[in-house]
Amino acid sequence: MHNNNRSPDKDNLSINKKILLIFLGVTISIFVAEISLRAMNITRDLLKGRRMARLSDNQVIGYELKPTYQYGMYRINNHGFRGKDIETKKEKETFRIVAIGDSITFGNHLNERDVYTSLLEGYLNKGDLNRRFEVINAGVGGYNIWQYLETYKEKVRPLSPDLVIVGICQNDFEVAGPYHMDLFGMVRGDIDAETPKGLFGNLAIYRIASNGMKMFSVKREGKGEDTVKMIAPTLAGRWTDGSVPLDELVKIARKDNIPILFLIFPYKFQIKENYSYSDEKFIEFMKDNSISNIDLLDGFRSNSQELYVKGDYVHPNELGHNITAGLIYSFLVSNGQITGDGGRPPAR
């Protein structure tokens with residue numbers, strides 16, 4: 001006869017082994033998923049050309065584009081700006097415009113010819129304006145208003161521009177850094193509002209799952225305004241600190257006798273919502289200081305076609321940049337900042 005009476009100690013040992021095996025299996029699975037996700041992120045960053053940046057000696061700027069660097073559709077010139085090489089001293093009779101901004105002005109996802117700076121230069125030189133125009137793209141992906149100020153002081157001033165355009169995305173009031181170079185030659189830095197906290201907060205798999213659940217919840221409920229507040233914080237929340245570099249930028253430019261034109265880029269969600277303008281505090285700042293500005297919200301809203309890169313709520317596509325260039329051209333002509341032909345962009 002077989003003895004079916006098993007020792008309780010052996011049963012407990014068997015259960016403990018199963019629990020241990022399950023725990024090890026889950027741990028290994030999470031480890032493999034984490035490594036895979038991080039490898040995918042690194043590969044994605046490399047394919048996007050994120051090695052085009054280097055650390056800057058200016059701690060506020062943090063990082064800058066590598067001069068004469070080229071990757072795919074991205075060409076960085078001798079001054080570390082996107083586009084063709086330029087001379088520091090502009091040619092006689094040339095009206096020079098420099099655009100400062102973030103990834104929107106830089107033109108992420110777009111060919112150089114489709115970015116609003118290139119389009120604007122083409123419009124101006126095709127128009128009956130009796131002078132040569134040069135539009136320099138000094139936009140750098142991820143920059144904020146503190147970096148805009150330092151970029152103006154350190155890199156734009158020596159170019160003696162006749163006009164400076166500042167492209168504002170409403171998340172430009174987020175503080176970033178400090179920056180460092182990782183093992184793969186890519187500059188890294190955290191936005192303070194998004195700095196991961198704790199063990200789980202530093203896991204790529206946790207962050208992806210958490211953000212995915214938030215996005216799904218908001219999209220399911222159709223709350224466009226809540227999406228803006230959650231994913232892309234507006235500048236209003238940081239206006240007290242953020243208005244300081246803006247105010248300094250305006251004062252320095254006026255001392256240099258260089259006019260500034262601010263562009264305010266709306267989020268995709270705002271076009272469908274009942275907004276009268278992009279941000280109340282920023283508009284008030286413009287009015288109180290008599291600063292020229294173009295809120296692109298109405299211009300984007302009046303066009304029924306898709307104006308943003310697919311799957312993106314921040315970056316305008318080719319058509320969005322084309323509309324932006326046309327609005328700037330019309331504004332400059334109609335406000336007498338250049339001699340023009342009535343404000344209609346010439347045909348491309």
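A pocket is an open set of points on a 1 Å grid over the protein atoms alone, with protein on both sides within 12 Å along at least five of seven lines, and its lining residues have an atom within 4 Å of a point. Grid points are joined across faces, edges and corners, and a volume is the space filled by probe spheres set on the points.

Before you start: this is a predicted model, where local features need pLDDT of at least 70 and side-chain atom pairs count only at 80 or more, while totals for chains, interfaces and linings use all residues. Residues are numbered from 1 along each chain as its sequence is written, and side-chain values use heavy atoms, with hydrogens and water left out.

**Exercise 1. Describe the second largest pocket and its lining.**

Step 1: Start with the space, which is about 210 Å³.

Step 2: Go to the walls. There are 15 lining residues, and the closest to the centre are Gly 83, Lys 84, Glu 112, Ser 118 and Val 135.

Step 3: Find the elements, taking helices (H or I, at least four residues) and strands (E, at least two) as DSSP runs numbered from the N terminus. Two or more lining residues come from each of α3 (116-126) and β6 (132-137); β6 gives the most, with four.

Step 4: Sort by class, with Ala, Val, Leu, Ile, Met, Phe, Trp, Tyr, Cys and Pro as nonpolar, Asp, Glu, Lys and Arg as charged, and the others, Gly among them, as polar. You get four nonpolar, five polar and six charged residues.

**Exercise 2. Work out which residues of α3 are buried and what covers them.**

Step 1: Set the cut-offs: buried is under 20% relative accessible area, exposed over 50%, and partly exposed in between (1.4 Å probe, protein chains only).

Step 2: Pick out the buried residues of α3, which are Tyr 116, Thr 117, Leu 119, Leu 120, Glu 121, Tyr 123 and Leu 124.

Step 3: Look for the cover, using contact as heavy atoms within 4.5 Å. It includes β5, α2 (103-106), β6, β7, β10 and α12 (318-334).

**Exercise 3. Map the largest nonpolar core.**

Step 1: Define it as a set of buried Ala, Val, Leu, Ile, Met, Phe, Trp, Tyr and Cys residues joined through side-chain atoms within 4.5 Å.

Step 2: Find the hubs. Among its 43 residues, Tyr 152, Val 164, Val 166, Leu 246, Phe 262 and Phe 282 touch the most other members.

Step 3: List the elements giving two or more residues: β2 (63-65), β5 (94-100), α4 (145-156), β7 (163-169), α8 (239-255), β10 (260-265) and α10 (280-288). The largest share, six residues, is from α8.

Step 4: Zoom in on Val 164. Beyond its neighbours within four places in sequence, Val 164 contacts Val 98, Ile 100, Tyr 152, Val 156, Ile 258, Pro 259, Ile 260 and Leu 261.

**Exercise 4. Find the enclosed space.**

Step 1: Count the cavities, meaning sets of points where a 1.4 Å probe fits but cannot get out. There's one of 30 Å³ or more, and the largest cavity has a volume of about 40 Å³.

Step 2: Name its lining: Glu 64, Leu 65, Gly 80, Phe 81, Ala 138, Val 140, Tyr 143, Thr 151 and Lys 155. β2 and α4 are the elements giving two or more of these residues.

Step 3: Sort by class again, and the lining has five nonpolar, two polar and two charged residues.

**Exercise 5. Check Thr 68: is this residue buried or exposed?**

Step 1: Locate Thr 68 in the loop between β2 and β3 (70-71).

Step 2: Check the backbone: Thr 68 isn't a glycine, yet has a positive phi of about 60°.

Step 3: Thr 68 counts as exposed because its relative accessibility is 61%.
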